[in-house]
Each structure stands twice: as structure tokens, then as C-alpha cells.
Amino acid sequence: MMTDKPQPPSIEKVKERSARVQEICKRADANILILDEIIAQLEEENRRSPLYQSRLRRAKRLLNFPEEKPENVESDRDSATTTS
Amino acid sequence: MAELPEETTNTVFNLQGRLLKIIHQAKATEFAIAQQYGETEATSIDLEQLQNIRERADTYYSRFYRLLGQIAEIQPTATPAMLDLLDRSIAEAQATLDALTASTQEIKRDWNI
């Protein structure tokens, strides 16, 4: 018998704990999925903001990227889109 | 900026501090068990669970980081429904963290680490 080393836990105990930890992880994963959903909604909200949209329009003009015409807003510059 | 109640922000910061501790504890315990006991059926199971715990803590940490950043930007303000969802998620995360911490400590104790 080894007396200098502490006894490791029994396999039954370790297996029982493993099942418990996996249950906790399942709850964590569900919770993280909801957090992802909240983050996605906030990002979407932030993208829709007028401040963000006008910055995006300016960026596209600067780089001559094709611009989608937003409703109610007149384009005040020559469009960079090519005619096909 | 959309102001979260200070209490909520502090709760999230506090959560993140605890998450870092869990990551550290899980990793340190994993290392010590592997070193002292090698690979057995029992160690493999607990090592895997420690890795599961660390992984969740890490994911939570990054999600809360992004969440606070997005909320700070929101104009003019986040909807009450959103804030309610956030509060419930924080409460759930706290309960999960307690459980992950307790499991890590139990593993440590069982292996005399």
C-alpha cells in the first residue's frame, strides 16, 4: 500500500461529477447563446443609427464604392456606379 | 452613451474578474493533476471537465466584453426589454459561475491540490 501519496478519488465519484459539470456547461452554453443574441441585436441597432449610416455613406464616397440610395435622401454627388 | 445603471456595469466587471480567476484555477488544477497523477481513467475525465470549465469561462468573458462595448454605443438608449434580458442573463451567468467555481474547487480538493 502506498501511504506517501494521497488516494485519488474513486472513478464513480469522478464520473458522477463529470455528469454534473456537463449539466452546468449545458446551461452555460444556453446562456452564452442568449448573450450572443443580445449582442447581435445591439450591433444591429447600432448599425441602423443615423450617425453610423452617414459615416458609412461618407466612407463609400471617399473610396468610390457603389452606394445604395437611401430613401428620402438625395445623392448630392455624381454616382460612381458604372452604366452597364 | 446609453448608460447602464452603474450597479449593472460593476456587476459585469466583477463577473469578468471572477471569470479570469476561474480560467486560472481550472488551468492550474489541470496542470497539477496531469503532473502529479499522469494519465489514468479518472484523471482523463476530470482533466476534460476542467477544460470544459475553462472554455466556458473564456467564452463568457469575451461575450461580456463585447456586450458592454455595444451597450456603451447605443443611442439614445437601450430598450427596457433589452435591459431586462440583460439583467436576467447576468443573474444566470452568476449562478453558473458559482457552480463552475464550486466544481473546480471540488476537483482540486479531491486530488489534494
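Student: About what area does chain A expose?
Tutor: This is a predicted model: local features need pLDDT of at least 70, side-chain atom pairs count only at pLDDT 80 or more, and totals for chains, interfaces and linings use all residues. Residues are numbered from 1 along each chain as its sequence is written, chains are lettered from A and ligands numbered from 1 in the order written, and side-chain values use heavy atoms, leaving out hydrogens and water. Accessible areas follow the Shrake-Rupley method with a 1.4 Å probe; for residues, only the protein chains shown count as cover. Carbon and sulfur atoms supply 53% of the exposed area of chain A, which is about 6800 Å².

Student: What percentage of the residues in chain A is buried?
Tutor: Buried means under 20% relative accessible area, exposed over 50%, and partly exposed in between (1.4 Å probe, protein chains only). Chain A has 84 residues, and the buried share is 19%.

Student: How many helices does chain A have?
Tutor: Helices (H or I, at least four residues) and strands (E, at least two) are DSSP runs, numbered from the N terminus. Chain A has 0 strands; its helix count is 2.

Student: At what angle do the axes of α1(A) and α2(A) cross?
Tutor: Packed helix pairs are described by the angle and the distance between their axes. Here the axes are lines fitted to C-alpha atoms, for helices over the stretch in contact, with angles from 0 to 180 degrees between N-to-C directions. Helix α1 covers residues 11–48 of chain A; its axis comes within 5 Å of that of α2(A), and the crossing is at roughly 65 degrees.

Student: Which residues of α2(A) make the contact with α1(A)?
Tutor: Contact means heavy atoms within 4.5 Å. From α1(A) come Asn46(A), Arg47(A) and Arg48(A); from α2(A) come Pro50(A), Tyr52(A) and Gln53(A).

Student: How many residues of that contact are charged?
Tutor: Ala, Val, Leu, Ile, Met, Phe, Trp, Tyr, Cys and Pro count as nonpolar, Asp, Glu, Lys and Arg as charged, and the others, Gly among them, as polar. The contact of α1(A) with α2(A) has 2 nonpolar and 2 polar residues, and its charged count is 2.

Student: Which residue does Arg48(A) pair with in a salt bridge?
Tutor: A salt bridge needs a side-chain nitrogen of Lys or Arg within 4 Å of a carboxyl oxygen of Asp or Glu. Arg48(A) is exposed, at 54% relative accessibility. Its partner is 4 residues apart in helix α1 of chain A, so about one helical turn separates Arg48(A) and Glu44(A). With the closest N and O atoms 3.6 Å apart, the partner is Glu44(A).

Student: Why does the pair of Asp110(B) and Lys13(A) join two chains?
Tutor: These side chains meet in a salt bridge, 3.0 Å from N to O. Asp110(B) lies in helix α3 (residues 80–110) of chain B, and Lys13(A) lies in α1 of chain A, so the pair joins two chains.

Student: Is Asp110(B) buried or exposed?
Tutor: Its partner Lys13(A) is partly exposed, at 35% relative accessibility. Asp110(B) has a relative accessible area of 13%, and therefore counts as buried.

Student: What is the closest N to O distance between Arg27(A) and Glu92(B)?
Tutor: Arg27(A) lies in α1 of chain A and Glu92(B) in α3 of chain B, so this pair joins two chains. Glu92(B) is partly exposed at 21%. The salt bridge has its closest N and O atoms apart by 2.9 Å.

Student: Which residues of chain B belong to the salt-bridge network with Lys13(A)?
Tutor: Over all chains, the count of salt bridges is 17. The network links Lys13(A), Glu16(A), Arg17(A) and Arg20(A) with Asp46(B), Glu106(B) and Asp110(B).

Student: Which residues make the nonpolar surface patch of about 360 Å²?
Tutor: Patch residues have over 30% relative accessible area and no salt bridge; like charges are joined within 9 Å, nonpolar side chains (Val, Leu, Ile, Met, Phe, Trp, Tyr) within 5 Å. Leu63(A), one of the members, lies in the segment after α2 (50–62) of chain A. Leu63(A) is exposed, at 53%. The patch is made by Leu62(A), Leu63(A) and Phe65(A).

Student: What is the C-alpha distance between Ile113(B) and Ala32(B)?
Tutor: Ile113(B) lies in the segment after α3 of chain B. Beyond four places in sequence, Ile113(B) touches Thr29(B), Ala32(B), Ile33(B), Gln36(B) and Lys108(B). Ile113(B) and Ala32(B) are 81 residues apart in sequence, and their C-alpha distance is 7.1 Å.
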